[in-house]
Amino acid sequence: MTRKQLPEAMAILRRDVPTWDVPVVRLNAQDDHDPYRVLISTILSLRTQDQTTILASERLFKLADTPQVMLQLDVQTIENAIYPVGFYRTKAPQILEMSRRILEEFGGRVPDDIDTLLTLHGVGRKTANLVLSEGYGVPAICVDTHVHRISNRWGYVKTKDPYETEMALRKKLPKAFWIEYNPSLVALGQYVCKPASPICSQCPVADFCKRVGVQRSR
DNA sequence: AAAACGGGGGC
DNA sequence: GCCCCAGTTTT
């Protein structure tokens, strides 16, 4: 989601507030649903900004966007391609290792159940749930830092632990929302409901929000 | 110049 | 629970 798409997302968000208990954005420009590319770009995205992730993903996928081709690359090539994301020294070997397992153990197909996904080194709950929801269209609640922070600010959950947030949202949210919940809140979280000094005056769900823990806002 | 920012694994 | 991983962006 880019800055340009935000106004449209906000319009949809606003429109849906009265209809849904929790606001939902439908991202019309659906980028990429290939499970392997979702998996790899999510690995790249860990602890890094979105713009950087997009850049690095494009550079890497020009070289390889299937496990077969990825395994032809050596580690330094991958490290060079993904360099700006940081943690490239851990991420590059992980990408090779999970590509090898996907090819050898799963016939070249990214696993589509959470327990198997979690056995991949470098894949935690955030990554696994994103692969399920974005890659396979399987209802899964992906709690990244935006979902965690905003859900708490809304007063929708009350916990420091992202896993608790996931479990709480699983009970509170209708399953039909699960897939869209994450991209909606990511869009909101990047430009409006920011970690520090959120722009509450521009937020389409300011009425809905309890502003738990929000100190300085505009 | 310094702090903030984004998940996961090892121990 | 605490520490490590490494860059970009904001203050």
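A polar contact is a pair of N or O atoms within 3.5 Å; within protein, one must be able to donate a hydrogen and the other to accept it, and residues adjacent in sequence count only if both atoms are side-chain atoms. This is a predicted model, in which local features need pLDDT of at least 70, side-chain atom pairs count only at pLDDT 80 or more, and totals for chains, interfaces and linings use all residues. Residues are numbered from 1 along each chain as its sequence is written, chains are lettered from A and ligands numbered from 1 in the order in which they are written, and side-chain values use heavy atoms, with hydrogens and water left out.

**View 1. Polar contacts of Phe-87 and Tyr-88 with DNA strand C.** A polar backbone atom of Phe-87 lies 2.8 Å from a sugar or linking oxygen of the strand. For Tyr-88, a side-chain N or O atom is 2.9 Å from a phosphate oxygen of DNA strand C.

**View 2. Residues around DNA strand C.** Arg-47, Gln-49, Thr-52, Tyr-83, Pro-84, Gly-86, Phe-87, Tyr-88 and Arg-89 surround the strand (near: a heavy atom within 4 Å). Sugar or phosphate accounts for 63% of the DNA strand C atoms within 4 Å of the protein, and bases for the rest.

**View 3. Helices α2 and α6.** The axes of α2 (residues 35–45) and α6 (residues 88–106) come within 10 Å and cross at roughly 160°. The two helices are therefore roughly antiparallel (angles over 145 degrees). Tyr-36, Leu-39, Ile-40, Ile-43 and Leu-44 in α2 meet Lys-91, Gln-94, Ile-95, Met-98, Ser-99 and Ile-102 in α6 (contact: heavy atoms within 4.5 Å).

Conventions: Axes fitted to C-alpha atoms, helices over the stretch in contact; angles between N-to-C directions. Helix = DSSP H or I, 4+ residues; strand = E, 2+ residues; numbered from the N terminus. Parallel < 35°, antiparallel > 145°, perpendicular 65-115°, else oblique.
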